[in-house]
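This report looks at strand pairing and side-chain burial in one protein model. Please keep the sequence and the coordinates at hand while reading.

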Amino acid sequence: MKYLLSVTCVALACWLCECGGATARCSSDSECDGGRCVDGSCVPLQDSDGDGIVDSDDNCPDLPNPDQADSDSDGLGDACDPCPRGNDTDSDGLCDGEDNCPQQPNPSQEDADGDGAGDACDACPADPANDADGDGVCGPQDNCPSSYNPDQEDADSDGLGDACDRCPFDPANDSDADGYCADADNCPEVNNPQQEDSDSDGEGDACDPDDESFREGDPADPSCSYQPPRADFQPAEEGGWSGSDVVPDKNQVMATPAVANLNDDNGDGLVDARDIPDIVFNSFDVSGDPPILGYGVLRAVSGNGTAELWTVDPSVARTAPASSPAVADLDGDGLVEIVTLRYQGGPVVFENDGTLKWSCADQGADNCVDYGQLHFGNEWGGPAIADLDRDGSPEIVLGAAVWRADGTLWWQGDAGLGDNGVGPLSVVCNLDRSGDPEVVTGSTAYASDGTILWDNGEPDGFPAIGNFDGDDYPEIVVVADGAIRLQEHDGSIAWGPNPLPGQGRGGPPTVADFDGDGRPEIGVADHDTYVVFDGDGSVLWAQPTQDHSSSATGSSVFDFEDDGYAEVVYNDETALRVYDGQTGTVLFEAVNSSFTAYEYPVIADVDNDGNAEIVVAANDFIYGQNHGIRIFGDVLDNWVRTRRIWNQHTYHITNVTEDGQVPADEEEGWLVYNSYRQNELGSGEGAATAAPDIVATEPGAGVAGCPGFIVLWAWISNRGAIDIGPGIPVSFWLGNPAAGGQLIGVARTTRKLEPGQAQRVMFTWTNPPAGEHSVVVIADSDGSGLGITTECSEDNNAATLDGVGCP
């Protein structure tokens, strides 16, 4: 009977038949019909979830998953894996891919500093930069968060570590902002960047009540003038800024700087025209390939290149790196404020000393307007400052948005912006010559309250204002989409659009009388050309350039000789150039690199020496080897006087006074100066050709040191019409140099001399020869026969003292 049962089991291929009390044995799957050989026994196939995959091969046997997807290759299919893209290493209920601390249980996922690392595993839970300088001290506790200083040394206990403290032994950190720390400053509480000490007593002239080497009351001639020769240019770099110990990686500049007086340089308690102007700009760094501009920081430096005044800490405000700042007195305190654009969009305002006044974000995100969203986060534009409602309190205009002086968004228009590239440059002008002025873009004019006065349906673009037809109403020059057109004050088209010769979108236009014909012309830069158009739209001249990066750079204009022919000042990707306005001839060229945005060089008397200088931005992250801010002046001192301010990208003389005040009723500049982005002296600001007259008088000699030395001196008097700066050379000669006299030595003045002021300059003559001699003193002479200052008279620079010798 047992034999028959065994045969039946085999015939029916039963899987678990108790044949003789044992399971069917096997050595391979082929011995198990329709089943599998597992551990030497035949077992039936089973597909519990019905997905066509037998349980033994199914990575999710209880959940259908015919694709058997296993993203993290852990043997558990995605359909039944609670962490299909990784494990939950710390068992806190969050998969590693979504866990901000995958190695540390933290089910609440707290992240106080928002840096993506949870507090449970973040070495610096309150520092989003996570100890950026790598010194082991987190940002909030680090007294130099951007400089490596693990020892946290702070010699002057001012809260700023020695590693990043420009004045590590001065707790007030150069409180007078003259570039000298208190331990090295001969007037620690009075701004005196030149450190003049006429009587060599260790106390600077600016704070020394006992200066017997200075006097006032000498005669002066207000009609003293000097007319420079035409196009006699010998420019040279006079100074600038190329980097800082503060946020040192931010040394690239690609925007138009602003110039204005920020501080009291001469220690008289006032910030006025007697002080040295200052330069304000945004600087940035880049990263990646292709390079991406990082956030900017706002900086201010002295116009004479002697001091860095301040840098805004990026933890206080980060700025749009290629935006141009504007400067004016917003609150009526007699001191200017600085307006620039936030990295996140909208304006932010600082006091003259760099402290934060307000940010548009103070009143919420809706109070800020971010035009950078139109250009992938980039913003190259700049604000304009004007008193739109003529109430004595200026407004800030950016594109088609206007903020009150206290930071409140007044209105935002929904038509033209004044944009032809990567951000707006709208202007303000009283188009209809009545009531309040208008905000003018390339295609739209907004009334002062934001209502649309007109919209002509033309492409938006960069506007500028001028008078081209003599009807007393202004016209609007617009550069848009690679073409230029002229619009009447009502928005109708006078001519154009005329294509730019060099292609590209075209930069902000400049208006001036380039050729001395008494009528304005228009200068525009494009992709490959700088071109000047006559007022009727015809081309006066064009010169090849290279601006392949933005094709939207601006330019400025200045009549360097005050001869009625304005010169063009322009910087492309490779060089700074000055063009003859009449012919386009290159009068001056200096290598100066920029990847370019909307920037252009500005012209102002930045060191208050009575002559114009050129201030230009530079960057070298793509081209060249220049970065920062560079200042150029004329070696021959032939550039005439100009204003000590250039306050915004849309500067046009009448929009601001020289001390930074914004007029409630702006003068109609198109009827007075008829220029835009040109600098010249305004009404009541004197003559451009006014000059000093340096006179040597009252020479003397002190023989108390004989026979070892004789002290020689002379009074150096300014008897002209304008100030002269410090550093005037004074040479002392044994005998007349014209007759073979020998140079004894050279001394220099140490202070600025206004008309009618004089300083006694001394030189110690060691080992003088025996006998009596004639000593000739020559002012503005360095001993080589060359002077550094042009004067209305060169015939009164010498004085003679006879009978000089030891008794």
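What follows describes two strands and the neighbours with which they pair, in a model that is predicted.

Strand β27 (residues 529-533) has five of its five residues buried, that is, under 20% relative accessible area, and it is therefore largely enclosed by the rest of the structure. Thr529, Val531 and Phe533 point one way from this strand, while Tyr530 and Val532 point the other way, and all are buried. On one side of the pairing, β26 (residues 521-525) runs antiparallel to β27 and is joined to it by four bridges, with Ile522 standing opposite Phe533; a hairpin of three residues connects these strands. β27 also pairs with β28, where Trp541 is the bridge partner of Val532, and in the five-residue hairpin between β27 and β28 Gly537 adopts a positive phi near 95 degrees.

Strand β30 (residues 567-571) likewise has five of five residues buried, so it too is largely enclosed by the rest of the structure. Both of its faces are covered, with Glu567, Val569 and Asn571 buried on one side and Val568 and Tyr570 buried on the other. Val568 is the bridge partner of Val557 and also stands opposite Tyr579 in β31, and a hairpin of three residues leads from β30 to β31.

The antiparallel pairings are set out below.

| Strand | Partner | Bridges |
|---|---|---|
| β26 (residues 521-525) | β27 | four bridges |
| β27 | β28 (residues 539-544) | five bridges |
| β29 (residues 556-558) | β30 | three bridges |
| β30 | β31 (residues 575-579) | four bridges |

Key: Residues are numbered from 1 along each chain as its sequence is written. This is a predicted model: local features need pLDDT of at least 70, side-chain atom pairs count only at pLDDT 80 or more; totals for chains, interfaces and linings use all residues. Side-chain values use heavy atoms; hydrogens and water are left out. Buried means under 20% relative accessible area, exposed over 50%, partly exposed in between (1.4 Å probe, protein chains only). Helices (H or I, at least four residues) and strands (E, at least two) are DSSP runs, numbered from the N terminus. Two strands pair if DSSP finds at least two bridges between them.
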